[in-house]
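Biologist: Could you pick a single part of this one and take me through it closely? I'm new to this, so please explain the terms as you go.

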Amino acid sequence: MNTKPPKMATDLALRNEESNQIAHRESESLRHYLQAATSDNTRKAYRSAIRQFEKWGGRLPTDRDTVVRYLLARAESLNARTLDLHLTAISQWHHYQGVTDPVRDPLVRKTMEGIRRTHGQPKRKAKALRLEHIAQMVDYLRCLPDSKKKHRDIALVLTGFFGA
């Protein structure tokens, strides 16, 4: 014979509520860590790349042929590094949606490789400012009327140069 007393409905309701609170805390914690995994600037760049793809006429999810057409259409007007960023954004979107990633297709990769070889340019490094350039900037700023902005700008220029 069963000697256990019957469970009270209130006991079950309290356990369910407690379980829901734990699940909510875990989901908030997961959301926090997922948010922290990618920087805000990266998310912003990916959103912009996806917007440009959609503005061109692409829709997500997409297929290999659409991505190749996009690359062909934009190869002349965009830098190869920018196109790489766009492909990364499209790839990440597909990856996190659990959909087949068209960017991994050999035709897309080979097309991008050809664009890089044809239109790619080495990174252009900016020349460093010399001390006389810094002096000219500070002299110009000192001629401006007194304001907090003027003093801030002078401090930024000097700190940036001498702190680097």
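Modeller: Let's look at helix H3 and what surrounds it, with a short stop at another helix pair at the end.

A word on the ground rules: this is a predicted model, where local features need pLDDT of at least 70 and side-chain atom pairs count only at pLDDT 80 or more, while totals for chains, interfaces and linings use all residues. Residues are numbered from 1 along each chain as its sequence is written, and side-chain values use heavy atoms, leaving out hydrogens and water.

Now the overall picture. The protein chain has 7 helices and 0 strands, and its elements run α-α-α-α-α-α-α from the N terminus on. Helices here are DSSP runs of H or I with at least four residues, strands are runs of E with at least two, and both are numbered from the N terminus. Of the chain's 164 residues, 23% count as buried. Buried means under 20% relative accessible area, exposed means over 50%, and partly exposed is in between, using a 1.4 Å probe on protein chains only.

On to H3, which covers residues 64-74. Which of the residues of H3 are buried? They are Thr66, Val67, Val68, Tyr70, Leu71 and Arg74. What covers these residues includes H2, helix H4 (80-97) and H5. We can visit those neighbours in turn.

Start with H5, residues 106-119. When two helices pack, the angle between their axes and the distance between the axes describe them. Axes are lines fitted to C-alpha atoms, for helices over the stretch in contact, and the angles run from 0 to 180 degrees between N-to-C directions. For H3 and H5, the angle is about 10 degrees and the axes are 9 Å apart. That makes H3 and H5 roughly parallel to each other; under 35 degrees counts as roughly parallel, over 145 as roughly antiparallel, 65 to 115 as roughly perpendicular, and the rest as oblique. H3 brings Arg64, Val67, Val68, Leu71 and Leu72 to this contact, and H5 brings Leu107, Val108, Thr111, Met112 and Ile115. By class, that is 8 nonpolar, 1 polar and 1 charged. Ala, Val, Leu, Ile, Met, Phe, Trp, Tyr, Cys and Pro count as nonpolar, Asp, Glu, Lys and Arg as charged, and the others, Gly among them, as polar.

Zoom in on Thr111, which sits in H5. With a relative accessible area of 15%, Thr111 is buried. Leaving out residues up to four places away in sequence, Thr111 touches Val68, Leu71 and Leu72; a contact means heavy atoms within 4.5 Å.

Next comes H2, residues 40-56, where some ring pairs come in. Rings of Phe, Tyr and Trp (its six-membered ring) pair if their centres lie within 6.5 Å; planes under 30 degrees apart are stacked, over 60 edge-to-face, and the rest tilted. By this rule there are 4 aromatic pairs. In one of them, the rings of Phe53 and Tyr70 have centres 5.1 Å apart and planes at 85 degrees, so the pair is edge-to-face. Phe53 is in H2 and Tyr70 in H3, so the pair ties together parts 17 residues apart in sequence. Phe53 counts as buried at 0% relative accessibility, and so does Tyr70 at 1%. Trp56 and Tyr70 also form an edge-to-face pair, 5.2 Å centre to centre with 70 degrees between the planes. That pair links Trp56 in H2 to Tyr70 in H3, 14 residues apart. At 30% relative accessibility, Trp56 counts as partly exposed. Ring pairs link Phe53, Trp56 and Tyr70 into a cluster.

That leaves H4, whose buried residues pack against H2, H3 and H5. Among those buried residues are Leu83, Leu87 and Ile90. The axes of H2 and H4 come within 8 Å and cross at roughly 95 degrees, so H2 and H4 are roughly perpendicular to each other.

Finally, the other pair: H6 (residues 131-143) and H7 (residues 148-163) pack at about 170 degrees with axes 9 Å apart. H6 and H7 are therefore roughly antiparallel to each other. The residues of their contact divide into 10 nonpolar, no polar and 3 charged.
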